[in-house]
Amino acid sequence: MALLRAGHSVSQCIGRSLSVSACKLGRPEPSSAPSMLDIGTRRIFNEDHDMLREACRRFVEAEIVPNHRQWEADGMVGKEIWKKAGANGFLNVNIPEEHGGVGADFKAAMVVAEEVISSGCTGPFFSLHSDIIVPYISKYGTDEQRKRFIPSMTDGSCITAIGMSEPGAGSDLQGLQTTAVRDGDDYILNGSKTWISNGQLADAVVVVAKTKKEARAAHGLSLFVVERGMPGFERGKNLIKIGLKAQDTSELFFSDVRIPASNLLGEENKGFYYMMDELPQERLSVAITGMAASEAMFEWTREYLQDRKAFGGPLSKMQLLRHRMAKLKTDIAVGRAFVDSCIERHNVQQLDNATASMAKAWVSEVQNKVANECVQLHGGMGYMYDTKIGRAYVDARIQPIYAGTNEIMMDLVARTVFPN
């Protein structure tokens, strides 16, 4: 704790090196702790990560939880929460400091993602912004682009989105119809995107477009940063979803949008390869939030069963319910071990796409199983949207769909089973 008391930043705290034995000594796994949400568990983390988790948990409880129901009614979070998160060092945690980020490790970034989701609040899509979109600019952008975009994305004044999905192309990038045609020092962008998270709030959108019409998708896609206010860039309505009510999801339209060549990320026609390189982190991020949500739902249900009285005593005394909770705990513990192994591997750039796909698919299915069981264990109360478990149930349903459907995940894994 001394580092935080001394006024050190989040990056300085996480950047402090500890010996392996000091990091891992005496840290129980969540399944062995009194609560799966206890701070100080999991051998992959150290005490500096714990300090970050404590700070982030306080922030979430003070700034996000009290406002989330209003954001659900509004269909999006307020922009001010992004600036508050940036001011506290909770955005772009894993982006190098020299690029304008916080400069901590991937584990630290996942601490922030876990704390937001385990609160039952799914409106602020900080992880999408920090861990999926901004890395494209950090890794493939020029020095000029990094200086121009990333500092404002770190302080929360510039919110990002990524435009991949189209009305006729979701998981199948071969079906993309949005085009960008070179015209002197610019590109002319035409097309549309749909189901775009952060679509209403976004100030900058990384858009995937065809730049070589006759080529297959793998050889003819490019990435562009489209900025708010560019003529011809319009947003459709804020789409109404069955879950994630506080998360804005939109259609985007591009009609002869003139984009300067200086907004091209990386090389022309290399966008597909950049996306393939980033997919393991994106899919692992879905698995990580899925595990955090599963642990939170379990703990909410444990507390409910201990407090709820029926048939002369607490529901937690009924053997049938105790066994169902024991089965859930076992599934969650298995998932936690696998996901933490993936985090360790990705933290040293050793996570392959197939393993990340396994984690995304398996955890998202476990999350939906946990959500379904926990709603049932809450009885009629679980069907109320006013309850955290009711909202978590509908929020979980998107997990097997986005970042590549689970059917696509299994096809990717199958290629490692039958490589020829």
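This passage describes helix 11, the largest nonpolar core and the largest cavity of a predicted model.

Helix 11 comprises 37 residues, from 271 to 307. At 1.5 Å a residue, a span of 54 Å is expected for this helix, and its end C-alpha atoms lie 53 Å apart, so the expected and computed values agree. The helix nevertheless contains a kink of about 40° at glutamate 278, shortly before proline 280. Helix 11 is also mostly covered, with 30 of its 37 residues buried.

Helix 11 takes part in the largest nonpolar core, which consists of 60 residues. Within this core, the residues that touch the most other members are Ile64, Ile81, Trp82, Phe126 and Met297. At least two core residues are supplied by each of helix 4, helix 6 (79-87), helix 7, helix 11, helix 12 (319-347), helix 13 (353-378) and helix 14 (388-396). The greatest contribution comes from helix 11, which provides 10 residues.

Empty space within the model was also examined. The structure holds 1 cavity of 30 Å³ or more, and the largest cavity encloses about 140 Å³ of space. Its lining is formed by 17 residues, of which Met36, Arg42, Arg53, Glu114 and Glu115 are the closest to the centre of the cavity. Two or more lining residues are given by each of helix 4 (47-64), helix 7 (106-118) and helix 11. In character, the lining of this cavity divides into 9 charged, 5 nonpolar and 3 polar residues. Helix 11 thus appears both among the elements that line the largest cavity and as the element that gives the most to the largest nonpolar core.

Key:
Residues are numbered from 1 along each chain as its sequence is written. This is a predicted model: local features need pLDDT of at least 70, side-chain atom pairs count only at pLDDT 80 or more; totals for chains, interfaces and linings use all residues. Side-chain values use heavy atoms; hydrogens and water are left out. Helices (H or I, at least four residues) and strands (E, at least two) are DSSP runs, numbered from the N terminus. The expected span of a helix is 1.5 Å times one less than its number of residues. The bend at a residue is the angle between axes fitted to the seven residues ending there and the seven starting there. Buried means under 20% relative accessible area, exposed over 50%, partly exposed in between (1.4 Å probe, protein chains only). On a 1 Å grid over the protein atoms alone, a cavity is a set of points where a 1.4 Å probe fits but cannot get out, and a pocket is an open set with protein on both sides within 12 Å along at least five of seven lines; lining residues have an atom within 4 Å of a point. Grid points are joined across faces, edges and corners, and a volume is the space filled by probe spheres set on the points. Ala, Val, Leu, Ile, Met, Phe, Trp, Tyr, Cys and Pro count as nonpolar, Asp, Glu, Lys and Arg as charged, and the others, Gly among them, as polar. A nonpolar core is a set of buried Ala, Val, Leu, Ile, Met, Phe, Trp, Tyr and Cys residues joined through side-chain atoms within 4.5 Å.
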